[in-house]
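Grab the structure viewer and work through these exercises one at a time. Each comes with a worked solution, so try it yourself before reading on.

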Amino acid sequence: MAATLSPRLAAALAALPLERGMRVLEVGCGPGALARAIAERVGAGEPGGGAVLGVDRSPAAIAAAERSCDVPGVRFRVAAAETLRLPRGEAPYDLVVAIRVGALDGRHPELEAQALAHLAAATVPGAQLWTDGGDPLVAVPLER
């Protein structure tokens, strides 16, 4: 699956500290290519495997992601990072990845603060956000 990724997304996938059984939240998932590749790495849909939730503010992107993915354990949802809330009873995520997400690129500090607070609330204590800005990614601690 990773072979179909763009070079930028393949580098991001290789940089993520993914482990089987992890719950991963991808913000700005677009049509879901990286979410599907992450699902393979965490064993989504397999016994003892993990899960992936891809979110994007674009309903069209989420519709495309849903059409292209039939992997059990992978879900998609229309949501923006700065307003994301998990439904009651949904387990928190172990890791967040966000590639080219405007709310997290430093241009809008107030929006970024809101996004980081919402992402922290959606994750386990000690979780990190992996985003572009490093070589190829940088880890940002998500503090509650």
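**Exercise 1. Work out how strands S5 and S6 pair, and what sits between them.**

Start with the direction: S5 (residues 123–132) and S6 (residues 137–141) pair in the antiparallel sense, over five bridges. Keep in mind that this is a predicted model.

Next, pick one bridge to check on screen. Leu129 has Val140 in S6 as its bridge partner.

Now look at the connection. S5 and S6 form a hairpin with four residues between them. Gly133 sits in the turn with a positive phi of about 125 degrees.

Finally, check the peptide bonds there: Asp135 and Pro136 are joined by a cis peptide bond, with omega about 10 degrees. Pro136 belongs to the loop between S5 and S6.

**Exercise 2. Decide whether strand S2 is buried or exposed, and find out how it pairs with S1.**

Go residue by residue, using under 20% relative accessible area as the cut-off for buried. Six of the six residues of S2 pass, so the strand is largely enclosed by the rest of the structure.

Then split the strand by face. In a regular strand the side chains alternate between the two faces of the sheet. In S2, one side has Ala51, Leu53 and Val55, the other has Val52, Gly54 and Asp56, and all are buried. Both faces of S2 are therefore covered.

For the neighbour, S1 and S2 run parallel and are joined by five bridges. One pair to display is Val27 with its bridge partner Val55 in S2.

**Exercise 3. Describe the largest pocket: its volume, its lining and the residues nearest its centre.**

First, the volume comes out at about 310 Å³.

Second, count the lining: 23 residues, with Gly28, Asp56, Ile99, Arg100 and Val101 nearest the centre.

Third, sort the lining by class, which gives 14 nonpolar, four polar and five charged residues.

Fourth, map it onto the secondary structure. Helix H1 (7–15), strand S1 (23–27), helix H2 (33–42) and strand S2 (51–56) each supply at least two lining residues.

Fifth, take a second look at Arg100. It lies in the loop between S4 and helix H4 (109–121). Its phi is near 55 degrees, a positive value in a residue other than glycine. At 62% relative accessibility, Arg100 counts as exposed.

**Exercise 4. Search for salt bridges and say which parts of the chain they tie together.**

Side chains of opposite charge can pair when their charged atoms come close. Searching the whole structure turns up five salt bridges.

Take Glu46 and Arg20, whose side chains meet at 2.8 Å, N to O. Glu46 is in the loop between H2 and S2 while Arg20 is in the loop between H1 and S1, so this pair ties together parts that are 26 residues apart in sequence. Both ends count as partly exposed: Glu46 at 43% relative accessibility and Arg20 at 47%.

Move on to Glu90 and Arg77, with their closest N and O atoms 2.9 Å apart. Glu90 lies in the loop between strand S3 (74–78) and strand S4 (93–98), and Arg77 lies in S3, so the parts being tied are 13 residues apart in sequence. Glu90 and Arg77 are both buried.

Then try Asp105 and Arg107, a salt bridge at 2.7 Å, N to O. Here Asp105 is partly exposed, at 38% relative accessible area, and Arg107 is exposed, at 58%.

To finish, look for shared partners: Arg75, Arg77 and Glu90 are joined into one network by such salt bridges.

**Exercise 5. Compare sequence separation with C-alpha distance for two residue pairs, Pro7 with Ala81 and Leu86 with Thr123.**

Pro7 and Ala81 are 74 residues apart along the chain, and their C-alpha atoms are separated by 25 Å. Pro7 is in helix H1 and, at 71% relative accessibility, counts as exposed.

Leu86 and Thr123 are 37 residues apart in sequence, with 9.6 Å from C-alpha to C-alpha. Leu86 is placed in the loop between S3 and S4, and its 22% relative accessibility makes it partly exposed.

**Exercise 6. Find what the UniProt record says about residues 24–126, then profile that stretch.**

The unreviewed UniProt entry annotates residues 24–126 as "domain: Methyltransferase". Over that range the chain is 32% helix and 24% strand. Its end C-alpha atoms are 14 Å apart.

Key: Residues numbered from 1 in each chain as written. Predicted model: local features only at pLDDT ≥ 70, side-chain atom pairs only at ≥ 80, totals over all residues. Heavy atoms only, no water. Pairing = 2+ DSSP bridges. UniProt positions renumbered as here; feature names shortened; annotations may be inferred. 1 Å grid on protein atoms, 1.4 Å probe; cavity = no way out; pocket = protein on both sides within 12 Å on 5 of 7 lines; lining within 4 Å. Points joined across faces, edges and corners; volume = space filled by probe spheres on them. Nonpolar A, V, L, I, M, F, W, Y, C, P; charged D, E, K, R; others polar. Salt bridge = Lys/Arg side-chain N within 4 Å of Asp/Glu carboxyl O. Buried < 20%, exposed > 50% of the residue type's maximum accessible area, 1.4 Å probe, protein only.
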